[in-house]
Amino acid sequence: MDSLPITLPASPTPPPPQPIPFLAALIPVAAGVVLWLVTGSVYSLCFAALGPLMIGASLIDGRRSRRKAIALAEAESEAAWERAETELAARQAEERSGRWHREPDVATALLTPPLRSSATVDAGTTIVVGAGARPSPLRATGDDGERAREFRRRCAVIDRVPVSVPLGGGVAVRGDRVAGAAVVRALVVQLCLRFGTAQLAVVGDGAASAGLATLPQATVARRSAFRLGVSAPEHGRPDADAAVWMLAPDAPVPEGVGAVIDLAVSGRASVRTSEGVVEVDPEYLSAEQTAAIGVSLPVDDAPDDEVPRSARFADLVQGRGSRGLPATVGRDGRGDVVVDIVEHGPHAIVTGTTGAGKSELLATWVTAIAAHHGPDDVVFVLADFKGGTAFDALRPLRQVAAVITDLDGAGAVRGVTSLTAELRRREEVLARAGVRDIREAEMPRLVIVIDEFAALLQEHPELGAVFTDIAARGRALGMHLILGTQRATGVVRDALAANCPLRVSLRVGDAADSRAVIGTDDAARITGGPESRGLAFVRRPSDDSPAALRIALTSREDIAHAAGVWRTSPTPVSPWLPELPAMLPLADLDADAEAGAIVLGRADDPANQRQPLDLLRPGEERGIAVVGQSGSGRTTALRTLARQREDAFRIPADPESAWDTVIGLVEHPSPRPSLILCDDIDALLGALPSEYAVAFVQAWERLLRGEAAATVVMSASRWGGPATRLLELLPRRAVLPLPSRAEHAAAGGDPSAFVRDAPPGRARIDGREVQLAWTPEQAVPAPSRRAARGARLGAVPVADRDRHRRRGIGRRRPPAGAPRLGGHESRRQSFHHDTRGRVRPADPGRRTRRLAASADALATGARGRRSARAGGERARAAPSRRCA
C-alpha cells in the first residue's frame, strides 16, 4: 500500500502594518483646548502635545512587533521544512533499503544472504546491472512555491538504488576487456547467490575465461535447471536459455540481447534497454573475490542428473515376493527402485503438492503390486476424497474391490462401521485358525489407498480414530494403509505417523512438511515446473537418508495388461460395500428369496459386511407399517408385495367398499388370506365421517388383534391421527422419506439418519437402511369394476375370489347375524361424496340412526372381547359411545 504523502509547510505570510491611531491622538488635543478655554491657562495646552507623541510611540511599537512576528513565522517555516527534509531522507533510506533487499547485488547478498525460494529462473527474472536513480512512489502535498516544487522533484526520484532489467534472452557488456569481465562476474555471481544449483546452471566457453568455472552452478550443471551461458564473440553462441556477453566497445550486439551495458572510462556505465537509457554505477568483481564466494556457495541436495528425466512402467522389472508385496515404482541413477508395503511398512505416507505427481505414484504403486499378486494375495480399496478421477483407470484390476470418491455424512458412518467390521472379521479368522499373524492364514491382505487424506479428516474427523486403530493393529491382520496428502504437518497424527515407517515425498511447498516425512528439506528444494513432476524422495526404515527417484508413469495399456493376468480369478468381496442403489427391480431379487417369504427389499448391514434381502413371511409375521410422504414409494411397495403373492388381499381405496371388506374380514375370520394390503389408511379414515372412522378403526383393531394368522401391510402418509392406533399394532415399521426430521423421528426413525433428499423406496426397517424392491405399475393390473364392487382382490384367482364371496367377504349385504350397516340395500342411495370428497350419508334420518346403532354394536362387541382378554379395560370404549 502506498505511504502517506509528505505535508509541506506553507510560505510565511508577513503581518499587515499597524494602523496610525489618529482618533486616539485627537482626544488629548481636544482635552487640552477645552481646559485652556475653561481655565485660561497656557499650560493646559500641554495636553494637546500628547496626541502627536502617542502617534509616534504607536508607530515605533508596531514596527518592532511586525519584525518580531515575521522572524517567528520564518523560523517556524524553516523548522517545518527541516522536518519535511528529515522525513524525506528517512523515507528514501527506507525505500532504498527495501529495494536492495528485494533486488540485491553481490555486496548486498553477501551482507544479507537472500532467501532461496522454489521459484524457477526464467526470462522474466530480473538482474541488477548497477546503482542509479529510479522513479519513487513518494509524494508531497502542501505549498506550491518554488521550494515546494523543487522538493516534489526530489520526492519523485530516488538515487543509489538498484537498477534491474529482465534477463530475457541475455545481457551484453561492452567495454574494456578487464573491466567488462569484472562486470560479467558480478552479474553471474549475483544470480548464483540468489538461485541454487537445482535452479541455475552456468555454461559456456566464456565461463572459464571470466573466472566463473569454480562456481557450483558451473561444476554441477542440472539438466532441469535454467542454463545461463557466458560467452564472447570468439566463443560463439552458447547452448543456453540466456547468455551474458563480453563485447568490445562499440561491438555489434548479438541477436536476442535485451539490455546493453556500455562501460565508461570513469567507471560509470549507461544501460540501454527498449525503454530508454539510464546512467548507473556498475558493480565490479575480481577473479579472487569470485573464487572466494564460490567456495562458500552451497550445493543443493536435490535430485541430480543421475535421476532420469522420465520413466515408464513398461520399462520397469516387477517381481513377486515370497512374503511381502514388492512393487517397482520408479528409477534412480542406479536402476529400479522397489518399495514393499509389507516389509518396509506396514503403512506408508505419500506427500506432494498439486501437480507434483502424487496420484500417478499411487496408481503406479497399485498396478505394480497387482501385476504379480492376485486377488488371493491382495485386495485394494481405493479412496479419492478430492472428487477427482485418479483411481477410475484402476477399476479393471481384479484386485480392486472398491473405488470410493466423495463421502457424505451417512457414507462416513458406513465407512467407520465397515472398516471396524473388517478388523473384527480378520481377528475372528485368525482366532478360528489358531494363529496370530496373517502369514500363517489363508487370507488376502487388504491395502487401503487414500488420496487427499487431509480432505477426508477435515470432512469426517471420526474416521481418524479408525485409521489410527488400523495402523496400530494392521500388521498382524494384514491391513495396510497408503495415505496420500498434500501436507503432513497438522494432518497425520503422531500415533498414526509412528506406524508409517515407509515415507515418500514429492515436491512440497514447506520445508517443515519435508522434514516431517523424510527427515530433510530435500522435497521442499525440488523446483516447480513440468520437469519436476514425478521427482520424489523415498525413505525406507533401512535407509540412512532419503533417496531420489523418478516415478514411472503408468498407461492404460499397462493397467489392462496387469488386469489380463488375473482375468479368470474370482472377484474379491469388498470390506467397504457400495451404497444401496436408488432402484432395485423385483426381478433381480425374488430369485434369492427363501420359500414362503416375499421380498421387501435389500438391507444395508455394514456392521456384518452384508447386504441381505429383507423379507416378509406371510402367515407367520403379524405385518409391517409403511410410512412415507407422497412420492416416497409406499404405494409401489404394496404393489410389489401384491405381485409376489397370488392370494394377496387388497383393501379397496373407495371408503364404502373398504368398509364392507373390513367388516367382512372381521366377522368371518376363517379362512382369511395370508396377506392383507391396505394403502393410505389415513386417507381412508379422513374420507369417512368421524363416527364411521371411529368404528372403522375399531374394526381394524379387531382384525389386527385376532388370532387368525394373517399378515397385514398398511401404509400411511404420516405418523399421526387415528391411523396411529392401527400402525402401532404392527410389529415392524418401514419409515420412508418424510418432509422433516421431526416427522421422521415421530414415525420411529433415528433423527441422525434423516436424509431429506433420499431416493424413493429408501426406508429404515429394524434400524437398518433398506431399499425397497420396485416393480412397474403395469405389472399389477387395475382392479375391475366387478372386483371393486366385491372384495377388491388384487391378482386373486377367480376360484379364490368366489370362495371369499361365499364366505361373505366383500358382499353388499352383511352376512346373517352381523350388524346391519345402514344403506347396504342400495349403496347408490345411502352415501354421497361431499365437496371435500368425504363419504356422507344421503339421508340423515333412519339410515344414519341404523348405521350409528351398528357402529355402537360393533364397538360394544369389541369392548366385551377386550374386557374378557385384558380384565376390564373400559377406558377405550369412550370413542364408541361418542360415535353412538
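**Sheet, helices and surface**

Biologist: At about what angle to β19 does helix α14 run?

Modeller: Helix α14 (residues 511–518) lies across β14 (348–351), β19 (502–505) and β20. This is a predicted model, in which local features need pLDDT of at least 70 and side-chain atom pairs pLDDT 80 or more, while totals for chains, interfaces and linings use all residues. Angles run from 0 to 180 degrees between N-to-C directions, along lines fitted to C-alpha atoms, for helices over the stretch in contact (heavy atoms within 4.5 Å). Relative to β19, helix α14 runs at about 150 degrees.

Biologist: Which strands stand at the edges of the open sheet?

Modeller: Helices (H or I, at least four residues) and strands (E, at least two) are DSSP runs numbered from the N terminus. The sheet has mixed pairing (at least two DSSP bridges between two strands), and its 10 strands follow the order β13-β12-β21-β20-β19-β14-β18-β17-β15-β16. Each edge strand has a single partner, so one of its sides lacks a neighbour in the sheet; these strands are β13 (335–340) and β16 (400–404).

Biologist: What is the average twist from one strand to the next, and what angle does α12 make with β18?

Modeller: From strand to strand, the twist averages 25 degrees. Helix α12 (residues 462–477) packs on the sheet, where it touches β17 (445–451) and β18 (479–485). Its direction and that of β18 make an angle of about 140 degrees.

Biologist: Which residue of β21 stands opposite Leu535?

Modeller: Strands β20 (residues 535–539) and β21 (residues 547–551) run antiparallel and are joined by 4 bridges. Opposite Leu535, in β21, stands Arg550.

Biologist: Is Arg425 buried, partly exposed or exposed?

Modeller: Residues are numbered from 1 along each chain as its sequence is written, and side-chain values use heavy atoms, without hydrogens or water. Arg425 belongs to helix α10 (residues 409–433) and touches Met443 and Gln609, leaving aside residues up to four places away in sequence. Buried means under 20% relative accessible area and exposed over 50%, with partly exposed in between (1.4 Å probe, protein chains only). Because its relative accessibility is 32%, Arg425 counts as partly exposed.

Biologist: How far apart are the C-alpha atoms of Arg425 and Pro575?

Modeller: Along the chain, Arg425 and Pro575 are 150 residues apart. Their C-alpha atoms are separated by 9.6 Å.

Biologist: What percentage of the residues in the protein is buried?

Modeller: The protein has 26 helices and 33 strands. Of its 884 residues, the buried share is 50%.
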